[in-house]
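Here is a set of short exercises to try with the structure open beside you. Take each task first, then compare your reasoning with the worked solution.

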Amino acid sequence: MKPSITLFLWTLILAAWIFLSANPISMGDQTLPPIGPFFSLYDGFWQNAESEKDFKNMELNHPSLNGVVEVVLDDRMVPHIFAENDNDAAFAQGYMHAKLRLFQLDIASRAISGRLSEILGPRTLDHDKQIRREGIVWGAEKTLELYQKDPESMQLIQAYTDGINHYIQNLCKRQLPLEFKLLGYQPEEWTLLKCVLTSKSMARTLTTKNYDIQNSNLKAEIGDSLFQFLFPHAQPGQSPVHPGPWTGLKNNVLTSTQETPVYGYNDPFAAQDPQQAFASNNWAVSGKKSATGNPILCNDPHLQLTFPSIWIENHLVTPEKNVYGVSLLGVPHIIIGFNEHIAWGITNGGQDVVDWLEIKWNGQDKKKYNFDDQTLNTEYRIETIKIKGQKSLIDTVSYTRWVPVAIKSEESGKGDLVFKWSGHDAKSERELLTFLLLNKAKNIGDYMEAISVFPSPIQNVVFASREGDIALKSQGFWPLRSDMSGQFISDGAQASSSWTHYLDNSQLPATINPERQFVSSANQHSTDDSYPFVYMGSFEEFRGRTLNKKLEEKSKLSLQDMADIQNSNYSLKAEEALPSMLLIMDKEDLSSAQKSALEILKSWNYEYTAASPAPAIFNEWFNAMEKLTFDETTHEKSSHSRLPDQWKLVELINDIPDHNVFDIYETVELKESAKDIAKAAFVAACDTLNLENKSIDSITWLTHQKSAVNHLLRIPALSRLLDVGGSSDALNAMTSTHGPSWRMIIELTPTGPKALGVYPGGQSGNPGSKYYDDSIDTWSKGKHHELHLFTNAAEVSNALFTIKMNKL
């Protein structure tokens, strides 16, 4: 090559490098930052590699501190915070949350405030619009106004906020977390409102499966009789959270629900709300049922598994408390944990606390609307959504007596729909006070007082104490209804179309020191049908019965028994469905591969173990049978898809195999039964698994489900596949993206708690740190870490380094 050409090519390469180093790169709807700063040796991603030499003792000073704080980081990077008062402990907790998880703090606050598009571009625009339309920030602003009337809570939130901001303000460019460098932006100041938004975020996450729009469409399409058959209020033979009885309780409320008579509503945000049912388990056994004679409490909330984890371990010690557990990034306190006297845990109640109502406008300009016998003025909130690389979007959100109009008529294809959510009711919301009081609680009375102010959504809060008490209460804003109002889109012109009050604390279901010597919940129905107050929601169908059976079948339970229950891969759904599926299926004309699959299922023990092919075959078969059976609700001409609960299919297979619902919608000339559906579904499942072209030995549940812990930005290199079993209806409730986000077992002994805990991840949010994922293997093996309630800094024998904080 001629020297002049070589020089020209090198000059071109150098020019391209200079351009790319200094300018952002557009790739479709995503804009990457200039690569120069990212690869900078001084400030770039190289600086995020962490080594032991980075763990040095340090000191800091801040004017808001009132005393001396010592933060000791142990060999798993858990901060043990020793402070002279609660406010200083909150400051240190905020500082450590920022030091370990700054990017997670930032992106989570952006997600719940509808501001992701500022950093991620137009791909998150629908999410941001939905959050703004639902009035999440508006609701948080109202809640913050309420907190400002509570000096103790405000001081703690302010101290926590000061701690986060002190870390941010003293952060140099090279110390920025990797994700900020990758996306090309800077962390912004933390605020009191962001603390409240964090609470709203978890509340909104747990407000799942409100099907008003789908129900309205389906009822009009398939008729009331079939709708009520496929979607009944309760499951027969359930094992509820609270067995009752309900003596002295009576429902005197009267409502007159006005349902909308038409159907064909569109939901423009359906793709943003996957209607994920979050699975969680908690239980406590009394000393009479414990192998050691001491109460034992267990909790494993099952949520989306991410790097970093949704949880972070903390230990807080002040003169008023010595408490250990996990907290949420963005708020002070321990959310699930234990102290010297008690332990507590949480599962989602599942009650429907959202109503969708159609507004009746008074005039085409929509400046006024009808409400009972009044004509009221519409209020407006102008939402400016900034979009990286594009012009901002202006969205005007209308607010009514019911609160925001979330779906506009041009989007629904019908009327304007209002999003009514109990999480917007700030009249008495004191969520952070709940955890402040729980952190300090010493007995069952303190526990009852603490949870009495918890707002939304309804949670099953389990309790055990050194004094020997066990309890579980379903706590939160529980809509007071007289009928199944709220199951469909209702008439927004009538106040009676939705709830106007909540149950009193004394009316909420609770179980205290029961004769069976245990309390438990696994997202099943809170009560049986004798409970006088009507409610609806999304409730688990199999795990609750599995859990109660396991707790009943042994007279004495050890800590190892508790761990085995948490890690159980057994599927009651498979046990109840598979024998009938095998029995009714026509086995003629099957290939050798299909016959082999059947033989594997015949000998299966219903355990979703990672190495077994049987769970993959059964799951594909059951899912295919579900879709074929309920094609009335999922066919292409259906306005909105919704499948009945899975227990309904099991019931049909076992008890009514000739029901008309098995008749396939599109085969007008034929009338199929469960037998026909079983054969067609089995063949389809084998095709999906590609059994004719590969060895059945190559199929495992591990490779089929592909459970993973994904990075918050879904970056494969920063994510990790899991070597685990489990399924959504097993107590080890694993899916491809969700699972046990924190496993905890606490024995309340007379000399102090014996505590075990683990989550799938690590304390650090830095992918360049060994503490990013160092607990994954322990968690995957079903093991736990020992958790210690040290009383002072000198007791932390496994310390890595110490941060000392002083008043400036």
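**Exercise 1. How are helix 17 and helix 19 oriented to each other: roughly parallel or roughly perpendicular?**

Solution. This is a predicted model, so we work with its computed geometry.
- Step 1: find the crossing angle. The axes of helix 17 and helix 19 cross at roughly 75° and come within 11 Å.
- Step 2: recall the cut-off. Angles from 65 to 115 degrees count as roughly perpendicular.
- Step 3: conclude. Helix 17 and helix 19 are therefore roughly perpendicular to each other.
- Step 4: see who meets whom. From helix 17 come Lys573, Ala574, Ala577, Leu578, Met581, Leu582 and Ile584, and they meet Phe618, Trp621, Phe622 and Met625 of helix 19.

**Exercise 2. Now take helix 18 and helix 19: at what angle do their axes cross?**

Solution.
- Step 1: read the geometry. The two axes cross at roughly 105° and come within 9 Å.
- Step 2: classify. Helix 18 and helix 19 are therefore roughly perpendicular to each other.
- Step 3: list the contact. Helix 18 brings Ala597, Leu598, Ile600 and Leu601, while helix 19 brings Ala614, Ile617, Phe618 and Trp621.

**Exercise 3. Describe helix 17: what does it span, where does it bend, and which helices do its buried residues pack against?**

Solution.
- Step 1: check the span. Helix 17 runs over residues 572-584, which makes 13 residues. From the first C-alpha to the last it reaches 19 Å, close to the 18 Å expected at 1.5 Å a residue.
- Step 2: look for a bend. Helix 17 bends by about 30° at Leu578. A proline, Pro579, follows within four residues.
- Step 3: pick out the buried residues. Leu572, Lys573, Ala574, Ala577, Leu578, Ser580, Met581, Leu582 and Ile584 are buried.
- Step 4: find the partners. The buried residues of helix 17 pack against helix 15 (543-553), helix 18 (592-602), helix 19 (614-629), helix 21 (646-655) and helix 22 (674-688).

**Exercise 4. Test helix 22: what should its 15 residues span at 1.5 Å a residue?**

Solution.
- Step 1: compare the expected span with the model. The 15 residues should span 21 Å, and the end C-alpha atoms are 20 Å apart, which agrees.
- Step 2: find the buried residues. In helix 22, Ala674, Ile677, Ala678, Lys679, Ala681, Phe682, Ala685 and Cys686 are buried.
- Step 3: see what they touch. The buried residues of helix 22 pack against helix 17, helix 18 and helix 19.
- Step 4: look past the end. Helix 22 is followed by Asn690, whose phi is positive, near 60°.

**Exercise 5. Which residues touch the most other members of the largest nonpolar core?**

Solution.
- Step 1: name them. This core has 140 residues, and Val71, Ile803 and Met805 touch the most other members.
- Step 2: find the main contributor. Helix 3 (residues 86-112) gives the most to this core, with 13 residues.
- Step 3: look for another core. Apart from this one lies a core of 53 residues, among them Phe488, Ile584, Ala593 and Val661.
- Step 4: link back. Ile584 is also one of the buried residues of helix 17.

**Exercise 6. Find some less common backbone geometry: which peptide bonds are cis, and which residues other than glycine have a positive phi?**

Solution.
- Step 1: know what to expect. Most residues other than glycine have a negative phi, and most peptide bonds are trans.
- Step 2: look at two cis bonds. The bond from Gly244 to Pro245 is cis, with omega near 5°, and Pro245 sits in the loop between helix 11 (224-230) and strand 6 (280-285). Ser456 and Pro457 are also joined by a cis bond, with omega about -10°. Pro457 lies in the loop between helix 14 (444-451) and strand 20 (459-465).
- Step 3: look at positive phi. Asn513 has phi near 45°, and at 38% relative accessibility Asn513 counts as partly exposed. Lys706 has a positive phi of about 55° and is exposed, with a relative accessible area of 52%.

**Exercise 7. Step back: how many helices and strands does the protein have?**

Solution.
- Step 1: count the elements. There are 24 helices and 31 strands.
- Step 2: consider burial. Of the 808 residues, 60% count as buried.

Notes:
Residues numbered from 1 in each chain as written. Predicted model: local features only at pLDDT ≥ 70, side-chain atom pairs only at ≥ 80, totals over all residues. Heavy atoms only, no water. Helix = DSSP H or I, 4+ residues; strand = E, 2+ residues; numbered from the N terminus. Expected span 1.5 Å × (residues − 1). Bend = angle between axes of the 7 residues up to and from the residue. Buried < 20%, exposed > 50% of the residue type's maximum accessible area, 1.4 Å probe, protein only. Contact = heavy atoms within 4.5 Å. Core = buried A, V, L, I, M, F, W, Y, C linked by side-chain atoms within 4.5 Å. Axes fitted to C-alpha atoms, helices over the stretch in contact; angles between N-to-C directions. Parallel < 35°, antiparallel > 145°, perpendicular 65-115°, else oblique.
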